[in-house]
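Me: Please go through this model with me. I want the reasoning behind each label, not only the label.

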Amino acid sequence: MESGIIFDIQNLSLHDGPGLRTTVFFKGCPLRCLWCANPESQSSQPEMMYYSDKCVHCMACKEVCPTGAVFTRKGCIGCGKCMEVCMYCARKLVGKSMTSDQVMEEIRKDSMLYKESDGGVTFSGGEVLRQPMFLLEIIKQCKHERIHTLLDTTAYCSQEIFNEVLKYIDLVYVDLKCASDSEHKKMTGVSNSNILKNIQFMDKIGKAFEIRMPIIPGYNDSMQILETDIRFIKTLETKPKVWLLPFHAFGKTKYETLGMKWPMGDKKNMDRDELKTIANLFVEYGIDTKIQ
Ligand code: SF4
Ligand code: SF4
């Protein structure tokens, strides 16, 4: 049986697809989007989040840590012992190993609600496709049990893996950060070549999918870049719906708890209204566009 690293499972989710859903968050992501709101999802390994504002420096954690990593993080093995002894909730371990059976047990808890609400299970991350064998075991079982499956993905993976996974997925939410490869590299650290090919493949086979575009001021909101995006989307025959997502800085404090630097400086949250001009532009080109 396969096992993988999960960093959260949320029940009764209303915003991760149709109906009531259970959302399973896979840990580990090959992208490093500058605005990432879930930095705890990036590393493939369990990590310790440290909330310095809650810490009273009692040093109970230091006594139990096997590697001396409590304040430096260097050599942390994610054992969670420091969290167990902290009386002030100043430590939280993110990420734990689960078998596919254990994940299915969690998914089945709300199976009656899926039926009543036309809901199901959403696989999100991090990047779910980073753990393909683990994912495949779970989604095959979901198909067997007639549970609706939604893949929330960057589509950054080989075409072989993508094609195999799609066989057991009912609906895909795919990110398109930017259709220009050079700009995509600046924003995420990786090429979009496989991503675009995987989106084109979904389009070719008629898989149900929607595109999510985070709009990051100063990065992908220029007319030149937006026109590149529009040109790419217009080549898709299934005319997928496009959702525009306004930039927000809600994840900033998480970076501090992980000892990481927030890459976006003092950039302010974007208002939904600020996206109307971009949404109107997409609509003018005949793209079904909504603001999230
Ligand atoms: S046990 Fe908790 S409160 Fe005490 S030093 Fe460690 S993190 Fe701070
Ligand atoms: S998770 Fe384990 S290794 Fe890491 S800081 Fe805490 S006690 Fe030390």
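The questions below go from the whole chain to single residues.

Me: What kind of model is this, and how many helices and strands does the chain have?

Reply: The model is predicted. The chain has 11 helices and 11 strands.

Me: How do you know that the radius of gyration agrees with that of a compact globule?

Reply: For 292 residues, the rule of 2.2 Å times the number of residues to the power 0.38 puts a compact globule near 19 Å, and the chain has 20 Å, so the value agrees. The C-alpha atoms fill a box of roughly 60 × 45 × 35 Å along the principal axes.

Me: What share of the residues is buried, and what does the chain expose?

Reply: Buried residues make up 49% of the 292. The exposed area is about 14,400 Å², with 51% of it supplied by carbon and sulfur atoms. As for contacts between residues at least 6 apart in sequence, 69% join residues at least 24 apart.

Me: Why is the sheet called open, and which strands stand at its edges?

Reply: The order of its 9 strands is S5-S1-S2-S6-S7-S8-S9-S10-S11, with mixed pairing. Strand S5 (96–99) and strand S11 (289–291) each have a single partner strand, so one side of each is left without a neighbour in the sheet. Direction ignored, neighbouring strands are turned by 30 degrees against each other on average.

Me: What makes S1 and S2 a pair?

Reply: Two strands pair if there are at least two bridges between them. Strand S1 (residues 3–13) and strand S2 (residues 21–26) have 5 bridges, in the antiparallel sense, so they meet the cut-off of at least two. Serine 13 stands opposite arginine 21 in S2.

Me: Which helix packs on this sheet, and what does the helix touch?

Reply: Helix H5 (residues 132–144) packs there, touching S1, S2, S5, strand S6 (120–124) and strand S7 (148–153). The direction of H5 makes about 165 degrees with that of S6.

Me: Which residues of H7 are buried, and how do you know that they line one face?

Reply: In helix H7 (residues 181–188), the buried residues are Glu183, His184, Met187 and Thr188. Seen down the axis of H7, these buried residues fall within an arc of 110 degrees, so they line one face of the helix. In general, an α-helix has 3.6 residues a turn, so residues three or four places apart point the same way. The cover over the buried residues of H7 includes helix H8 (193–205) and helix H9 (223–234). After H7 comes glycine 189, with a positive phi near 85 degrees.

Me: Why is cysteine 89 called exposed but methionine 59 partly exposed?

Reply: Exposed means over 50% relative accessible area, buried under 20%, and partly exposed in between. Cysteine 89 has 55%, so it counts as exposed. Methionine 59 has 29%, so it is partly exposed.

Me: What makes the backbone worth a look at these two residues, and where are they?

Reply: Most residues other than glycine have a negative phi. Phi of methionine 59 is positive, near 70 degrees, and phi of cysteine 89 is positive, near 55 degrees. Methionine 59 is in the loop between strand S3 (47–50) and helix H1 (60–64). Cysteine 89 is in the loop between helix H2 (81–85) and strand S4 (91–94).

Me: How do you know that the peptide bond from glycine 125 to glycine 126 is cis?

Reply: Omega of this bond is near 10 degrees, and the bond is cis. Most peptide bonds are trans. Glycine 126 is found in the loop between S6 and H5.

Key:
Residues numbered from 1 in each chain as written. Chains lettered and ligands numbered in written order. Predicted model: local features only at pLDDT ≥ 70, side-chain atom pairs only at ≥ 80, totals over all residues. Heavy atoms only, no water. Buried < 20%, exposed > 50% of the residue type's maximum accessible area, 1.4 Å probe, protein only. Helix = DSSP H or I, 4+ residues; strand = E, 2+ residues; numbered from the N terminus. Arc of directions from axis to C-beta. Contact = heavy atoms within 4.5 Å. Axes fitted to C-alpha atoms, helices over the stretch in contact; angles between N-to-C directions. Areas by Shrake-Rupley, 256 points an atom, 1.4 Å probe, with all protein chains shown as cover.
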